[in-house]
Amino acid sequence: MSNIKTLREICTELRFELGRGTDKDFGLRNHLSLYESLFAPYRESAQRVLELGIHNGVSIRMWHEYFTQATIYGTDINGKSLARIRGIDRVVPFELDQGDKERLRLLAESGPFDICIDDCSHNWAHQIGSFEILWPVISPGGLYVIEDVVTSYRRYIDRVQIPGTKNYACYLPFDLNSPISCVEYFKRMIDHVNFDGDNWDRVEFSEYQRTIDTITFRTNAIVVKKRMTDTD
Ligand SMILES: C[S@@+](CC[C@H](N)C(=O)[O-])C[C@H]1O[C@@H](n2cnc3c(N)ncnc32)[C@H](O)[C@@H]1O
């Protein structure tokens with residue numbers, strides 16, 4: 001029998017060991033099953049994996065065990081969350097307010113990242129702003145995942161951030177298809193993926209046209225995959 005553990009097995013063991021879990025396998029969202037297939041090709045090869053949003057540290061420990069060679073970067077605004085992942089070999093805690101673009105640019109300097117998972121404030125502006133700053137430092141063939149895009153279906157309110165506390169900024173009743181939501185942003189991005197030019201002499205391709213291979217919409221998550229090269 002193989003002794004290579006699945007993500008779910010790692011997650012279950014951590015729950016026993018630490019007495020706490022991750023919310024990635026909860027309800028319809030089913031993220032562990034998604035990641036099981038999505039991340040398998042990167043398991044041995046990934047050098048740097050980044051997760052925005054640490055909470056109790058379980059998901060960071062899960063990535064640490066799953067990606068055998070990678071350095072795992074975990075970011076959070078909350079000092080207690082950062083403390084949860086201090087002192088672990090191959091794990092780098094990075095203090096970050098997700099709305100702070102200067103700090104995001106500093107974080108980008110630690111790249112390239114093979115995989116980035118945004119499981120942080122779930123505020124649309126933060127989800128979009130982080131993608132725009134971190135996408136250029138995703139490795140060729142790498143993945144950028146945004147979790148909890150369910151907030152795109154709630155009316156936007158920009159709550160004042162209270163340092164050291166959670167900041168879920170978008171929790172109000174349904175406001176389907178708001179043009180500024182994260183999901184709408186990626187729906188518009190579909191045109192960058194599909195359009196390959198109607199006049200080869202005049203078209204100048206955008207950064208996203210040249211670099212996005214696929215955008216996949218999953219239950220409560222968006223997965224963007226980078227091309228290996230401009231022409232692959
Ligand atoms: C959903 S939890 C992360 C869960 C974790 N990834 C897991 O799967 O177990 C979201 C985290 O984002 C952090 N957070 C909330 N607002 C933030 C902000 N504006 N900047 C940075 N971190 C923030 C919270 O402190 C919390 O730890």
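## Overall picture

Eight helices and seven strands make up this protein. What you have in front of you is a predicted model, so a word on confidence comes further down. Of the 232 residues in the protein, 37% are buried. Looking at contacts between residues at least 6 apart in sequence, 59% join residues at least 24 apart.

## Strand E5 and its partners

A good place to begin is strand E5, which spans residues 138-147. Seven of its ten residues are buried, so E5 is largely enclosed by the rest of the structure. On one pairing, E5 runs parallel to E4, with five bridges between them. If you want a landmark for this pairing, look for Cys-116, which stands opposite Tyr-144 in E5. To get from E4 to E5 the chain passes through H6, and this β-α-β crossover is right-handed.

E5 also pairs with strand E7 (residues 221-226), this time in the antiparallel sense and again over five bridges. Here the landmark is Ile-146, whose bridge partner in E7 is Ile-222.

## Helix H6 and what covers it

Helix H6 covers residues 124-134 and is the helix of the crossover just described. Its buried residues are Trp-124, His-126, Gln-127, Ser-130, Phe-131 and Leu-134. Which elements cover these buried residues of H6? Among them are E1, H5, E4, E5 and helix H7 (182-194). The two strands that H6 links, E4 and E5, are thus both part of its cover.

## Loops with unusual backbone geometry

Three loop positions deserve a look while you have the model open. One of them is Pro-112, in the loop between helix H5 (101-108) and strand E4 (113-118). The peptide bond joining Gly-111 and Pro-112 is cis, with omega at about 5°.

The other two are histidines with positive phi. His-55 lies in the loop between strand E1 (48-52) and helix H3 (58-66), and its phi is near 50°, a positive value in a residue other than glycine. Is His-55 buried or exposed? It has 20 C-beta neighbours inside 10 Å, so His-55 counts as buried.

His-122 is found in the loop between E4 and helix H6. Its phi is positive too, at about 65°, although His-122 is not a glycine. Because His-122 has 25 C-beta neighbours inside 10 Å, it counts as buried.

## Around the ligand

The shell around the ligand holds 23 residues, and those that come nearest are Gly-53, His-55, Ser-59, Ile-77 and Ser-121. His-55, met above for its positive phi, is therefore also one of the residues that come nearest to the ligand. By character, the shell divides into five nonpolar, eleven polar and seven charged residues.

## How far to trust the model

The mean pLDDT of the protein is 86, and 81% of the residues reach 70 or more. Two stretches call for a careful reading. Over residues 159-163 pLDDT stays under 50, and the model has six contacts beyond four places in sequence for this stretch. Over residues 168-174 pLDDT also stays under 50, although here the model has 22 contacts beyond four places in sequence.

Methods. Residues are numbered from 1 along each chain as its sequence is written. This is a predicted model: local features need pLDDT of at least 70, side-chain atom pairs count only at pLDDT 80 or more; totals for chains, interfaces and linings use all residues. Helices (H or I, at least four residues) and strands (E, at least two) are DSSP runs, numbered from the N terminus. A residue is buried if 20 or more other C-beta atoms lie within 10 Å of its own, exposed if 12 or fewer, and partly exposed in between; C-beta atoms are placed from the backbone. Two residues are in contact if their C-beta atoms, placed from the backbone, lie within 7 Å. A residue is near a molecule or strand if its C-beta atom, placed from the backbone, lies within 6 Å of it. Ala, Val, Leu, Ile, Met, Phe, Trp, Tyr, Cys and Pro count as nonpolar, Asp, Glu, Lys and Arg as charged, and the others, Gly among them, as polar. Two strands pair if DSSP finds at least two bridges between them. A crossover is right-handed if, with the strands pointing away from the viewer, the path from the first strand over the helix to the second runs clockwise. pLDDT is the predictor's confidence in each residue, from 0 to 100.
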